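Load the model in your viewer, colour it by chain, and keep the selection tool handy. We will go from stop to stop, selecting a few residues each time.

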Protein chains: 2
Amino acid sequence: MGTISGSLLNRRTIRKYSERDVEEKMLDYLLLQGSRTSTTGNMQVYSIVITRDMEIKKELAPCHFNQSMVTEAPVVLTFCADFNRFNKWCRLRKADPGYDNFLSFMTAATDALLAAQTVCIAAESEGLGICYLGTTIYMTRDIIKILRLPAGVVPVTTVTLGWPAENPEQVDRLPLKAITHKETYKDYTDKDIEELYSQKENRSDSELFIRENNKETLAQVFTDVRYTRKDNVHFSETLLQVLEEQGFMNQ
Amino acid sequence: MGTISGSLLNRRTIRKYSERDVEEKMLDYLLLQGSRTSTTGNMQVYSIVITRDMEIKKELAPCHFNQSMVTEAPVVLTFCADFNRFNKWCRLRKADPGYDNFLSFMTAATDALLAAQTVCIAAESEGLGICYLGTTIYMTRDIIKILRLPAGVVPVTTVTLGWPAENPEQVDRLPLKAITHKETYKDYTDKDIEELYSQKENRSDSELFIRENNKETLAQVFTDVRYTRKDNVHFSETLLQVLEEQGFMNQ
């Protein structure tokens with residue numbers, strides 16, 4: 001088995017970073033690796049905004065619910081679906097770009113997300129630590145303003161990057177059979193669900209999590225506290241509006 | 001610099017595969033690495049459908065415009081945004097899942113895409129070859145039917161996997177400065193675009209591509225032949241309908 005592979009099994013998300021900077025040369029090397037990631041038709045319809053400036057990181061922090069990583073990590077990478085550059089090239093070359101629609105947003109978001117994961121794996125292979133911020137798609141409108149993203153550009157994920165100052169325990173995952181299906185999808189019976197989630201539910205940290213949140217089950221911590229219907233509906237509306245504002249909903 | 005990293009710079013997409021099978025044990029090892037990928041709130045809201053059966057691959061082939069990789073690769077992996085499993089768990093645990101909206105689709109699609117890229121990098125580090133099929137998001141409705149995906153599940157990308165039977169030249173990429181922005185987004189002037197795309201436009205294969213397609217510029221090959229407005233609008237409508245059909249557009 002290869003050497004890369006082993007490290008992928010042992011990874012953990014890093015939320016505390018040392019004072020040590022991520023050198024420009026190192027960052028370029030990580031991003032260059034990211035740029036070799038597969039992209040739809042080799043269009044490379046994504047951009048990466050590299051934020052190191054503390055003032056801008058402070059502006060971004062509330063978009064990420066003031067999670068400490070945003071200001072404490074030396075580097076914040078915002079990965080964006082980006083048809084703006086490609087559209088400009090088309091117009092300069094007597095070509096009419098038809099990329100102001102939802103499919104094009106998904107194409108560009110896919111390019112951005114796959115490249116993000118390559119950059120993260122490249123970073124971790126150098127001993128750096130990363131943390132993804134899922135808050136990006138909640139707060140696209142504010143991020144667009146702060147990072148001055150033009151039409152055709154929408155942020156889809158953010159990664160904080162730095163040298164680790166912690167070595168947390170690895171979090172649990174569902175058994176592999178929970179997330180894979182052979183040949184076609186086999187829907188889950190109640191018995192399947194009981195079995196697949198039993199390990200997760202029986203962990204001592206899960207029990208703590210339930211108590212801390214004053215809930216009856218671990219699932220309720222997700223539905224009632226962490227990812228509520230009310231928030232999801234609100235952020236869905238905003239995200240769809242932003243897709244329209246940024247020119248991705250013309251049919 | 002680490003050993004993983006170097007290989008990420010030298011990768012190429014592989015479209016021709018040898019007869020050699022991808023052993024179950026190897027595939028499990030790759031997928032296990034994929035399962036360690038960051039996921040929103042550790043919800044793991046994605047699934048991977050592993051198709052090896054030739055009959056099912058033949059059914060899938062037209063969804064991917066009959067690209068030869070689908071039937072010729074020993075393994076076809078369909079990565080799906082999947083809230084079905086999580087919703088079932090919630091309902092079994094007296095929790096009301098509010099994940100039938102667009103934000104939840106994007107959350108789940110992100111989980112699926114990041115995991116896909118980890119599996120691909122793990123595969124390439126073992127000497128295997130991969131090819132992404134961007135056609136997946138065009139043809140979600142047919143794929144849903146063939147792979148029997150229930151509500152809450154939408155395919156977002158497909159990867160063909162096998163041992164390489166070709167060693168193609170590496171494709172070109174834009175210079176790194178084309179896809180990166182320091183601190184905030186700096187929009188492109190015409191002069192920027194000229195400079196950033198000059199290398200791509202001056203390649204001999206680009207000229208061949210223009211001639212073959214009977215076009216005036218390389219950009220026109222994209223807008224008029226490969227990714228047309230008409231197709232994009234059609235596939236956008238279908239994809240939005242499918243998100244509704246699969247229960248991701250309730251507000």
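Start by selecting the residues through which the two chains meet. In this predicted model, 100% of the interface residues of chain B are also interface residues in chain A, so the two copies use the same surface to meet. Counting contacts, 103 residues of chain B touch 103 residues of chain A. On the chain B side, helix α6 (residues 102-125) supplies the largest share, with 13 residues. Colour that side of chain B by residue class and you will find 48 nonpolar, 35 polar and 20 charged residues.

Now superpose the chains. Chain B lands on chain A after a rotation of 180° with 0.0 Å of shift along the axis, at an RMSD of 0.0 Å. The two copies are therefore related as by a two-fold rotation axis.

**Stop one: a sheet built from both chains**

Select strand β5 (180-182) of chain A and then the strands of chain B beside it. What is the order of the strands in this open sheet? Reading across, the five strands run β5(A)-β1(B)-β2(B)-β4(B)-β3(B), with mixed pairing. The edges are β5 of chain A and β3 (129-133) of chain B, each of which pairs on one side only. Turn the view to look across the strands: the twist averages 25° from one strand to the next.

Zoom in on the place where the chains join. Here β5(A) pairs with β1 (residues 46-51) of chain B in the parallel sense, over three bridges. Pick Thr180(A), and opposite it in β1(B) you will see Ile48(B). Then go to the pairing of β1 (residues 46-51) of chain A with β5 (residues 180-182) of chain B: these strands also run parallel and are joined by three bridges. There, Ile48(A) has Thr180(B) in β5(B) as its bridge partner.

**Stop two: Thr51(B)**

Stay with strand β1 of chain B and select Thr51(B), which lies in it. Is this residue buried or exposed? It has 24 C-beta neighbours inside 10 Å, and a residue needs 20 or more to count as buried, so Thr51(B) is buried. Show its contacts beyond the neighbours within four places in sequence: Glu183(A) from the other chain, and Ile56(B), Lys57(B), Leu60(B), Val76(B) and Thr78(B). Try the distance tool on Val76(B), which is 25 residues from Thr51(B) in sequence but 5.0 Å away in space, C-alpha to C-alpha.

**Stop three: helices across the interface**

Next, select helix α5 (residues 84-92) of chain A and helix α9 (residues 190-201) of chain B. Their axes come within 10 Å and cross at roughly 95°, which makes α5(A) roughly perpendicular to α9(B). Show side chains for Lys88(A), Trp89(A) and Leu92(A) on α5(A), and for Asp190(B), Ile193(B) and Tyr197(B) on α9(B), since these residues make the contact. By class, the contact has four nonpolar, no polar and two charged residues.

Keep α5(A) selected and look around it. The helix is mostly covered, with seven of its nine residues buried; among them are Asn84(A), Phe86(A) and Cys90(A). Its buried residues pack against β2 (75-82) and β4 (153-162) of chain A, and also against α8 (176-179), α9 and α11 (218-226) of chain B. For a last click, step just past the end of α5(A) to Lys94(A), where phi is positive at about 55°.

Note on methods
Residues numbered from 1 in each chain as written. Chains lettered and ligands numbered in written order. Predicted model: local features only at pLDDT ≥ 70, side-chain atom pairs only at ≥ 80, totals over all residues. Pairing = 2+ DSSP bridges. Helix = DSSP H or I, 4+ residues; strand = E, 2+ residues; numbered from the N terminus. Axes fitted to C-alpha atoms, helices over the stretch in contact; angles between N-to-C directions. Contact = placed C-beta atoms within 7 Å. Nonpolar A, V, L, I, M, F, W, Y, C, P; charged D, E, K, R; others polar. Least-squares fit on C-alpha atoms with pLDDT ≥ 70 in both. Parallel < 35°, antiparallel > 145°, perpendicular 65-115°, else oblique. Buried ≥ 20, exposed ≤ 12 C-beta atoms within 10 Å, placed from the backbone.
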